[in-house]
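Reader: I would like to go through a structure with you. Could you take my questions one at a time?

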Amino acid sequence: MVQTTAVAAGGMSTIFVSAFPAMYQLGLLTDPAADYWRLVTLTAGVVRRFFVLEAARDLHLVFPTPLATAITIRDMHQASAEGPTGRTTRRKMRILGWTFGLASALRVGSQFAVGILWDWHPFTWYSYLVPSSGTALGLESWGWYIEWSPAFIGTGMLVGMHAAVNYFAGSLLAWGLIGPYLVSCGSAFGSEIPGTGLVSYVNFSADYTTASHPSPRYWLLGPGVACMVAVSLTEMACQWRALLYPIRAIWKKPDDASSSSSKSTDPFPSSNQVPTYLWLPGFLLTILHGSWVMNTQYAMPLLTSLLAFLLAMVLSFLTTQATGATDITPVTAASTSSQVTLSALSSSQGLAPPTIQRFGLLGGALSALGAMQSADLTGDFRVGFLLRTSPRKQWIAQCIGTLFACVVAPGLYVLFSEAYPCVNQTAFSSGGETGSGKCPFQVPTASAWRAIALATTDPDAGGMPESSRIFAVVFAAVGSASVLVRHGLWNGKWEWVRGWHPNFMLVSLGFIIPATVYSTAMLMGAWGARWWSRKSPETFGKYGYAVIAGLTMGEGVGGVVNAVMQVVGLSGEKWGTVVGCPWGRC
């Protein structure tokens, strides 16, 4: 119940590192302290059965972090048992503890030697040995290096080869084939990094988000988002019976609803379910309250705000599916779709550019909140499902956490802005120099949101490149057709083919996430788990999940320690070494 409340509160943070800094950088808002209550009213603004029960097995949704959490909680309470079960569990806990400690130590220690303990750059090292090797530097420029991330290695061990290979294939297709081809034929452009010989191809500044001069990241974003949306909507259409549950639940008791044919049986009786009279009024009140806030605080028309909520609800399915499969929540895909749609609608009404930008960013903020909360809370329900925790009690805890965060999260953002005003200033959003030194935070997500807002309102930008739009349509059609083939053909004696069928949701995720290190780490973890499970199936079955849980949670806790050390001035940025980093950059 404690982790349920924490998960509900944590999802509120996403818009304070994206939409709101972007609005301040564009001058659409002026003072975080003065805007506190406007921030509060916005953040106050039923996918459990579909993703936890109906479609989890069919879509290979394991929810890696929630599964690791459930395993850890269960083993902690079984460790005191007597007999063989207790001895095995205590051994699991020791293994989990050692793995957790090593992963935490690696994450904390790596900040003092990033190029040795965390990031390995073999292509740059090879270029030192063979100075004439331009190919090696080219691979480095496209982000092909190794990151020893315990969390993503653990995630790869958990999701298995199918998910890891599909995600890696998307990264390889985007950043190893299509991206380099675009640059070679002059359809996309990179920015040189002075004094290194490297080129950045993930630039999202205003100079690289135009139809005539896009960066590869900007060019690939449209096809990636289009494919994810198409695959998600097609999947929802194919699972239409499960999507009727919220409608049936209004007239039927939860026991009746759960007795229908489904992929998995709901073990909870009606007394533990969330009844309609609890969730339906809150659902409607949220839409009414959000529309009122958008109209009174931000001058957004009613129909525009209702469209924003509709987009947020639809896109929440997309993000939850991706999170359940890979542990990565594609908030950028959801928010970008909403931002571009609302900006286009506002432009057609002849509104001024600042108004278009504000409406687009606010719509993106709603989608980002909906996406993050939907993925987090569905994963949290997954933990409760595995531990047989009452969904009704979890729902109450989620409400408490969310309401608490509505007040606290804006306050923390105001405090953060007072301490580091540079994060809300365009000139310093990419780590520029201030009067008192370098801004310690780059706010890259806010830079991306600002760039998209400018691209949708600049008459010279022209939106997405035509070639990108054409490829987006084709890529989305292929992804949608793939879902139809999986549902329509691979049944009965051919059902075994589903294990080999490509998952375009994960392939398109590789287009959106420009860091290939994540897919590489997941692939390494998946290969490691396969080798272990074949070498010793018994030990993997007993202790594999303990290792995975330790790796996943250890990096998370280590990251928190790193943040504290950064604040108190003990970070590796001040005391560490950059040995092994390309030109001192890691």
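Author: The turns below treat the overall make-up of the chain, one helix, two backbone angles and two surface patches.

Reader: To begin, how many helices and strands are in the protein chain?

Author: This is a predicted model. Its protein chain has 25 helices and six strands.

Reader: What percentage of the 586 residues count as buried?

Author: Of the 586 residues, 51% count as buried. The area that the chain exposes is about 25,900 Å², and carbon and sulfur atoms supply 66% of that area.

Reader: Let us turn to helix H15. What span should its 23 residues have, and how far apart are its end C-alpha atoms?

Author: Helix H15 covers residues 276–298, and at 1.5 Å a residue it should span 33 Å. The end C-alpha atoms are 32 Å apart, which agrees with that expectation.

Reader: Which residues in H15 are buried?

Author: The buried residues in H15 are Thr 276, Trp 279, Ile 287, Gly 290, Ser 291, Val 293, Met 294 and Tyr 298.

Reader: And what phi does Ala 299 take just after H15?

Author: Ala 299 takes a positive phi of about 60°, although it is not a glycine. This residue lies in the loop between H15 and helix H16 (302–326).

Reader: Why does Ala 299 count as partly exposed?

Author: Its relative accessibility is 49%. Partly exposed covers the range between under 20%, which is buried, and over 50%, which is exposed, so Ala 299 counts as partly exposed.

Reader: Where does Arg 388 lie?

Author: Arg 388 lies in the loop between helix H18 (353–387) and helix H19 (391–419). Arg 388 also has a positive phi of about 60° and is not a glycine. With a relative accessible area of 51%, Arg 388 is exposed, because the cut-off for exposed is over 50%.

Reader: Moving to the surface, which residues make the nonpolar patch?

Author: Val 560, Val 564, Val 567, Val 568, Leu 570 and Trp 575 make a nonpolar surface patch of about 630 Å².

Reader: Which helix gives the largest share of the nonpolar patch?

Author: Helix H24 (residues 537–568) does, with four residues. Leu 570 lies in the loop between H24 and helix H25 (572–575), and is partly exposed at a relative accessible area of 44%.

Reader: Finally, which residues form the positive surface patch?

Author: Arg 87, Arg 90, Arg 91 and Arg 94 form the positive patch. Of these, Arg 94 is found in helix H6 (residues 83–110).

Conventions. Residues are numbered from 1 along each chain as its sequence is written. This is a predicted model: local features need pLDDT of at least 70, side-chain atom pairs count only at pLDDT 80 or more; totals for chains, interfaces and linings use all residues. Side-chain values use heavy atoms; hydrogens and water are left out. Patches are made of residues with over 30% relative accessible area and no salt bridge: like charges are joined within 9 Å, nonpolar side chains (Val, Leu, Ile, Met, Phe, Trp, Tyr) within 5 Å. Accessible areas come from the Shrake-Rupley method with a 1.4 Å probe; for residues, only the protein chains shown count as cover. A salt bridge is a side-chain nitrogen of Lys or Arg within 4 Å of a carboxyl oxygen of Asp or Glu. Helices (H or I, at least four residues) and strands (E, at least two) are DSSP runs, numbered from the N terminus. Buried means under 20% relative accessible area, exposed over 50%, partly exposed in between (1.4 Å probe, protein chains only). Lys and Arg count as positive and Asp and Glu as negative; His and the chain ends are not counted. The place of a charge is taken as NZ of Lys, CZ of Arg, CG of Asp or CD of Glu. The expected span of a helix is 1.5 Å times one less than its number of residues.
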